[in-house]
Amino acid sequence: MSMPETLALPEAPKAGIFAPIHRVWPSLLAIVAMTGLLAGGLLRWWHAGLLFWSTTALVSATVIVIVALFVDVGLSLRRGDIGLDLIAALSMTAALWFGEYFAGSIVAVMYAGGQFLESFAQRRAESGMSELLSRAPRSAVRITASGLSEVPIAALLPGDKLLVRKGDVVPVDGKVIAGRALLNEAALTGEPLPVRRESGELIMSGSSNLGDAFEMIASGSANESTYAGIIRMVSQARSSKAPISRLADRFSLAFLAMTLVIAGLAAWLSGEPTRIVAVLVVATPCPLILAVPVALVAGISKAARAGVLVKGAHVLEVLATISVVVFDKTGTLTTGEPAVVGIETDGDADEILRLAASVDQASAHVIGQTIVEEAKRRGLRLTKPVQLAEVPGEGIEGYVGEHKVAVGGWDFIACKTKSATRPGPKDSSTVTAYVAIDDALAGTIVMADPVRKDAVPAIADLRRLGVKRLSLATGDRAEVADAVGLALGLDQISAELEPAEKVRRVTAERSYGRVMMIGDGVNDAPALAAADVGVAVGRRNLAAAAEAADVVLLRDDMRQIGTLLLTARRSRAIALQSVGCGIGLSVIAMVCASLGYLTPVQGALLQEVIDVAVIGNALRAL
């Protein structure tokens with residue numbers, strides 16, 4: 001399976017006369033419909049001689065709405081969508097045909113008002129994602145031999161030196177090379193407090209510079225940046241259409257047929273053609289047209305504000321039905337970085353660590369840096385080493401004060417101590433650094449990739465939510481996988497897997513239900529794509545994670561998985577609840593109208609109340 005192609009960073013919207021018209025069209029249509037209804041009513045109430053002008057106002061406004069509606073229906077049919085807007089068009093046309101001008105005008109207000117409410121609800125539901133798009137940087141200050149120049153973000157290349165001024169948004173991923181960066185990463189991670197990045201540390205595009213200007217070097221192009229990946233995913237979320245919406249569209253044909261049958265029977269059995277109008281006006285389709293997308297997009301927006309980006313409404317719906325979760329290990333259930341878990345010595349453990357860390361200050365090896373970080377965490381004062389000698393990949397030695405200190409693997413230390421016996425059994429799930437002081441073995445420093453602190457509560461949350469199976473699929477060694485899996489109480493542990501084997505593991509888990517795969521989004525890309533929902537913990541390579549997965553955890557907090565499932569279940573439940581209640585009330589109203597208990601005007605007013613209530617209920621998902 002190939003990785004998805006890189007998409008271009010969206011361009012800024014182009015100005016044009018049609019863009020603002022498109023944005024305000026729902027409002028204009030609602031104003032026209034409401035003006036026609038009010039003018040018609042006031043003119044008829046003011047004087048009986050103004051009946052012609054009253055009728056003209058009612059009919060004109062209704063005709064304008066009908067024309068707009070038929071244009072919309074035509075465009076939908078060209079896309080292959082057969083929706084329930086057709087019922088609204090038929091009800092207005094029937095009202096005009098039978099002379100029920102007030103009823104037709106009320107339906108026009110109802111339809112135009114529904115379009116306005118849909119537009120308003122959509123804007124409100126997407127408000128949590130709009131901030132990400134509005135913050136997208138468009139230019140950057142590049143540092144060259146001739147000075148500073150502002151260039152389009154698309155012109156940036158890996159290796160470019162950039163100046164990030166106070167208040168600027170970091171344009172691309174990279175590394176601080178001069179100065180100290182004080183950044184607001186809230187838009188990316190949800191962390192409200194500023195973070196400080198020293199020279200040499202990695203920074204993500206989309207962060208805001210709160211402090212003084214600093215220099216950075218780009219690690220990739222703008223198209224490969226963290227922010228570009230997020231923007232692409234948000235854009236896809238906006239344009240997505242959930243399977244449940246498509247189900248509603250298919251159901252619309254049955255609802256349309258039922259409406260026409262009830263209207264026809266009512267007119268035939270009663271001998272009153274106007275009952276057709278009464279039935280049609282209470283059969284408007286807002287519960288199906290609006291409730292599902294509004295509720296699901298609202299759920300996406302709620303997740304985005306919590307630091308979880310969901311690629312589409314269809315993803316949110318599938319999340320609501322997840323019953324199996326498959327985890328990667330490294331970087332997902334574990335930290336992905338070595339940490340000191342023990343010091344074995346007959347002497348002072350802190351002193352052994354201090355001496356080893358003092359020497360390792362001169363080493364760039366990840367094990368050496370881990371030892372240094374642990375010493376700093378414990379508050380130990382390190383000494384500058386002298387007379388250093390390092391064998392890359394094996395070990396380092398030097399003098400710390402009066403002591404000759406060597407730190408490294410067993411072969412390296414054995415040569416220094418003339419020892420042939422390795423102390424203690426070697427646990428293959430850990431990494432051991434041996435420490436020699438003055439040519440004598442002094443102790444060992446044991447390191448491992450520890451389980452994340454948030455992994456235990458995250459798994460407990462999934463159990464409480466009724467997820468019936470939790471599995472581990474990793475390429476790591478079996479003994480390491482077993483230790484992690486058993487510690488977390490997982491149901492299935494599969495180790496030493498190649499990417500293709502991970503895909504087969506995910507496929508096999510489908511026999512237990514819909515599967516969610518959680519991984520780092522790069523090495524696990526095939527498995528993420530094979531799962532019903534792929535979730536990436538976008539800690540280091542968020543751009544790649546955003547491309548490979550359906551969901552990205554920006555805050556790198558595994559406990560958000562449970563929150564995400566709750567949000568998905570609630571949004572789907574609200575959508576179905578709104579549809580069921582709205583359609584049920586509409587059917588009851590249709591029966592009442594067919595029996596003559598509702599006039600066309602009364603039916604139109606009643607349906608307006610139903611539609612507003614359904615949309616308001618769907619917005620609860622926010």
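At 1% relative accessibility, Lys-329 counts as buried, where buried means under 20% relative accessible area, exposed over 50%, and partly exposed in between (1.4 Å probe, protein chains only). The structure is a predicted model, in which local features need pLDDT of at least 70 and side-chain atom pairs count only at pLDDT 80 or more, while totals for chains, interfaces and linings use all residues. Residues are numbered from 1 along each chain as its sequence is written, and side-chain values use heavy atoms, with hydrogens and water left out.

The salt bridges make a convenient starting point. A total of 22 salt bridges is found in the structure, a salt bridge being a side-chain nitrogen of Lys or Arg within 4 Å of a carboxyl oxygen of Asp or Glu. Lys-329 takes part in one of them, with Asp-476 as its partner and 3.1 Å between the closest N and O atoms. This pair links distant parts of the chain, 147 residues apart: Lys-329 is in the loop between E11 and E12, and Asp-476 is in the loop between strand E18 (469-473) and helix H16 (478-488). Here, helices (H or I, at least four residues) and strands (E, at least two) are DSSP runs, numbered from the N terminus.

Asp-328 is likewise placed in the loop between strand E11 (322-327) and strand E12 (339-344). The side chain of Asp-328 meets that of Lys-502 in a salt bridge (3.1 Å, N to O). Because Asp-328 lies in the loop between E11 and E12 and Lys-502 in helix H17 (residues 499-509), the pair ties together parts that are 174 residues apart in sequence. The two side chains also make a polar contact at 3.1 Å; such a contact is a pair of N or O atoms within 3.5 Å, where within protein one must be able to donate a hydrogen and the other to accept it, and residues adjacent in sequence count only if both atoms are side-chain atoms. Asp-328 is buried, at 5% relative accessibility, and Lys-502 is buried as well, at 6%.

What of Glu-337, found in the loop between E11 and E12? Glu-337 counts as partly exposed, with 40% relative accessibility. In space, Glu-337 and Ile-367 are 9.7 Å apart, C-alpha to C-alpha, with their positions 30 residues apart in sequence.

A further salt bridge joins Asp-461 and Arg-464, whose closest N and O atoms are 2.1 Å apart. Both residues belong to helix H15 (residues 455-464), three residues apart, about one turn of the helix. With a relative accessible area of 19%, Asp-461 is buried, whereas Arg-464, at 64%, is exposed. Elsewhere, Asp-350, Glu-374, Arg-377 and Arg-378 are joined into one network by salt bridges that share partners.

Attention can now turn to the aromatic residues. A pair of aromatic rings is described by the distance of the centres and the angle of the planes. Three aromatic pairs occur in the structure. One of them, formed by Phe-52 and Trp-53, is edge-to-face, at 5.2 Å centre to centre and with 75° between the planes. By the criteria applied, rings of Phe, Tyr and Trp (its six-membered ring) pair if their centres lie within 6.5 Å; planes under 30 degrees apart count as stacked, over 60 as edge-to-face and the rest as tilted. Phe-52 is exposed, with a relative accessible area of 56%, and Trp-53 is exposed too, at 52%.

A ring also features in the placement of Arg-469, which lies over the face of Tyr-512 at 4.0 Å from the ring centre. A charge sits over a ring if NZ of Lys or CZ of Arg is within 6 Å of the ring centre and within 35 degrees of the ring normal.

On the surface, Met-34, Leu-38, Leu-42, Trp-45 and Trp-46 form a nonpolar patch with about 660 Å² of accessible area together. Patches are made of residues with over 30% relative accessible area and no salt bridge, like charges being joined within 9 Å and nonpolar side chains (Val, Leu, Ile, Met, Phe, Trp, Tyr) within 5 Å. Accessible areas come from the Shrake-Rupley method with a 1.4 Å probe, and for residues only the protein chains shown count as cover. Within the patch, Met-34 is partly exposed, at 36% relative accessible area, and is located in helix H1 (residues 18-46).
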